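User: Please take a close look at one part of this model, beginning with a single loop position, and then set that part in the context of the rest of the chain. I would like one connected account rather than a list.

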Amino acid sequence: MSLVLKQVFNKDRTFRPVRKFERGTQHFDMYEVLKASSLDVMLDFKQAVQLPQGKGLHDWVAVHVVHFFNRINLIYGNISDSCTEQSCPVMSGGPEYEYRWQDDGKYKKPTALPAPKYMSLLMDWIEVQMNNKDIFPTNVGAPFPKTFMQVAKKILSRLFRVFVHVYYHHFDRVSQMGAEVHVDSCYMRFYYFVTEFNLMDHKQLEPLVFSKDQKFWPRWKFNRGMQRFELYRVLQASLNAGLDLKQAVQLPHGEGLHDWVTVHVVDFFNRINQIYGTISDSCTEQSCPVMSGGPKYEYHWQDDGKYKRPTALPAPKYMSLLMDWIEVQMNNKDIFPANVGTPFPKTFMQVAKKILSRLFRVFAHVYFHHFDRVSQMGAEAHVKTYYKSFYYFVTEFNLMDHKQLEPLVFNKDRTFRPKWKFEPRTPHLVLHKKAQASLDTMLYFKQMVQLPHGEGLHNWVAVHVVDFFNGINLIYGTISDSCTEQSCPVMSGGPKYEYRWQDDGKYKRPTALPAPKYMSLLMDWIEVQINNKDIFPINAGTPFPKTFMQVAKKILSRLFRVFVHVYFHHFDHVSQMGAEAHVNTYYKYFYYFVTEFNLMDHKQLEPLVFNKDRTFRPKRKFEPGTQRFELHKKAQASLNAGLDLKQAVQLPHGEGLHDWVAVHVVDFFNRINLIYGTISDSCTEQSCPVMSGGPKYEYRWQDDGKYKRPTALPAPKYMSLLMDWIEVQINNEDIFPTNGTPFPKTFMQVAKKILSRLFRVFVHVYIHHFDRVSHMGAEAHVNTCYKHFYYFVTEFNLTDHKELEPLKEMTSRMCH
């Protein structure tokens, strides 16, 4: 094995070399198999860790040990700046698990050490083991020593401790970096690998595995060869294939309903048990003295034993009794017969419904009380996907009624508000399907809202109004429990925007109302409009009334107010629910649609569009037909095609450097202006009295006007002056010519100055406001934009290294 330098963390803040195999060796080939089999194509992890046919177990373990060392080393590198001797004086995983270091050198006895010291010793020790050819032979045919598996197990058990420490103590940092999915995926692969080959026992894995007594709760399984085992495999295959969840729960042709319900009950028990396990450390008798789903829904325990009457219990106790009770039911062959052909008892469906209704309570408790913990673990998508699967299943077969499902379904009166649908076989339904097909394939939003060829504008607007009503109604539902008459006594969007209700009934004059009341009236009013066939005709050929567009605009402008209220007053709750990406995506879709067809003016959209004075700062655009416009389209096409950012910034063949820099300066101005806009409400003269990037870097403003000397200013003032100054430069045809005039000799000097000043916005946002970026669910967007910026300015030497110093450490992790 050889060592090849790559930008990866090490103990001295220099780069710890990534461990690689020599080309041409058997291990190199197998390592390539490992990467191709799972990481590149994202196969199911259980399948990815299987031993390839014809390969030796020791070789397979060896390449995985090296792989996990490289990945976990990199993961710890991402959070190492927050893991100090002060923050982590002892290497541990929460209050219950403390890890002591022991080796054959200085630490012959188990010794408590600060986490950074422990990590440094651990990485050094693993490197020694992997570089020892007597333990990890690299020559084809050289046998592994008898002690190999013992050493491999020791390495893996110690690497597991890094996961434990990161998950318990630094997952907020992982979340800030937008790396939850990466860390979770790496841990899942690690877990499936070590359990597949029994390289760690359940006791060692305990810190990250839940059970009622903090021991391993066995997963309930079907015996191989049973009819039900095969049916369970059909179910798993449907889920793993990524089928539409509504389709996945359908009863397979020729199968019995009771069997299908059985395998789902078992699957839901296993999965929901695991979900509760991810938050069990935060669910204690102190934090959750009563099992509940928010303030309105309290669940009492009742059984045939000790608790013959409904009894209020702490949530952990309730959960323990629930899981025990379900296991008893599933292990009772009189209820869940295992033998093919044994009939189900008449009481089976009654018991299955009871199990499912009680498992639903786990979802309710997790969503209402512990979704912040789910978010910290980066498991929102997993939990939400599984809840959707559960919901579609129980509603498909009427296994729970709407009253039971009420805690997680919104409507103004906490009852079920039916989704508005188009009638089958109407032209609107066909058009609605076209719109949904575009969404489902995740087309570029600007392209997606375009009017389809041959379709009428009124029809296109009608189906979108209905879709936005359904979607925004659902979004408000996710935060409605925190939107009360006490918390939101007036419907508003921050201190500046207050919305009053007016209609043709009780409220003939604009009236200030509590937000929940306003929302209820709004949803009722919209339902009346879209159910009025004189306004929204559904029969083919029936013309739209002249007033249709006026009504549609009014509906959309009022729905926009829901977005404003949610973003300003309840986005912390959206974040807790892990729904930032969904809400942001839906808002973008809404915004592109209403602006594409001029259905709302800029004055109405103002609350969610940033500029220094809270009015609309126009986006700088190139004129169609100009050379620079075509070049801008090339740059955007590269980005939209998902090209590697290093490749995307390369100068296109035959193009001039000055033109390429000009279009990028304008693009970065637009993008960074928008990024700062997302956090501008938290960047005030009180919170940021000086424009800076942490205590070490302070930026002073200087120009040719009022500030002829470098002057310390509050960050908002600095930002306002900066954006004004850049607009002046890029609107100056003598500097940024647009009509074929050659660039001036000073162009590159000005461009460099603009870019170096824009970099300061990144510094300020990353160091002072990244928590706000995280709340908005915009980490990935900001990180991608920064990487694009960094690769561009370094490709063409447009900013010197001294200017880039404040984000050097983060850049080394992000841009390598």
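Analyst: **A loop position and its wider setting**

Asn198 is exposed, because its relative accessible area of 58% is over the 50% cut-off. The model is a predicted one, and all that follows should be read in that light. The residue sits in the loop that runs between helix 7 (180–196) and helix 8 (202–205). Its backbone deserves a remark, since phi of Asn198 is near 55 degrees, a positive value in a residue other than glycine.

Another asparagine can be set beside it. Asn398 is placed in the loop between helix 15 (380–396) and helix 16 (402–405), and phi of Asn398 is near 55 degrees, again positive in a residue that is not glycine. With a relative accessible area of 59%, Asn398 is exposed.

For the chain as a whole, 53% of the 816 residues count as buried, and the chain is built with 33 helices and ten strands. Among contacts with a separation of 6 or more, 71% join residues 24 or more positions apart.

The packing of helices can be followed in two pairs. Helix 20 (residues 515–530) and helix 21 (residues 548–569) have axes 11 Å apart and an angle of about 150 degrees, which is over 145 degrees, so the two helices are roughly antiparallel. Helix 20 passes helix 21 in a left-handed crossing. On the side of helix 20 the residues that meet its partner include Tyr518, Leu522, Trp525 and Gln529, while those of helix 21 include Val551, Ile555, Leu559 and His565. By class, this contact has ten nonpolar, two polar and three charged residues.

Within this pair, Val551, which lies in helix 21, offers a local view. Val551 is buried, because its relative accessible area of 15% is under 20%. Apart from its neighbours within four places in sequence, Val551 is in contact with Gln529 and Ile535. The C-alpha atoms of Val551 and Gln529 are separated by 8.0 Å, although the two residues are 22 residues apart along the chain.

The second pair is formed by helix 28 and helix 29, whose axes come within 11 Å and cross at roughly 150 degrees, which makes helix 28 roughly antiparallel to helix 29. Their crossing is left-handed. Helix 28 contributes residues including Tyr718, Leu722, Trp725 and Gln729, and helix 29 contributes residues including Val750, Ile754, Leu758 and His764. The classes in this contact are eleven nonpolar, two polar and three charged residues.

Both of these helices take part in the largest nonpolar core, to which helix 27 (657–679), helix 28 (715–730), helix 29 (747–768), helix 30 (770–775), helix 31 (779–795) and helix 33 (808–814) each give two or more residues. Helix 29 gives the most, with 13 residues. The core has 63 residues, and the members that touch the most others are Phe747, Ile754, Phe762, Tyr766, Tyr786, Phe789 and Phe792. Of these, Tyr786 can be examined further: leaving aside neighbours within four places in sequence, Tyr786 is in contact with Phe759, Phe762, Tyr766, Leu807, Met810, Thr811, Met814 and Cys815. A second, separate core of 60 residues includes Tyr499, Ile555, Tyr587 and Phe593, and Ile555 is one of the residues through which helix 21 meets helix 20.

Terms used:
Residues numbered from 1 in each chain as written. Predicted model: local features only at pLDDT ≥ 70, side-chain atom pairs only at ≥ 80, totals over all residues. Heavy atoms only, no water. Axes fitted to C-alpha atoms, helices over the stretch in contact; angles between N-to-C directions. Helix = DSSP H or I, 4+ residues; strand = E, 2+ residues; numbered from the N terminus. Parallel < 35°, antiparallel > 145°, perpendicular 65-115°, else oblique. Left-handed = near helix turned anticlockwise from the far one by under 90°. Contact = heavy atoms within 4.5 Å. Nonpolar A, V, L, I, M, F, W, Y, C, P; charged D, E, K, R; others polar. Core = buried A, V, L, I, M, F, W, Y, C linked by side-chain atoms within 4.5 Å. Buried < 20%, exposed > 50% of the residue type's maximum accessible area, 1.4 Å probe, protein only.
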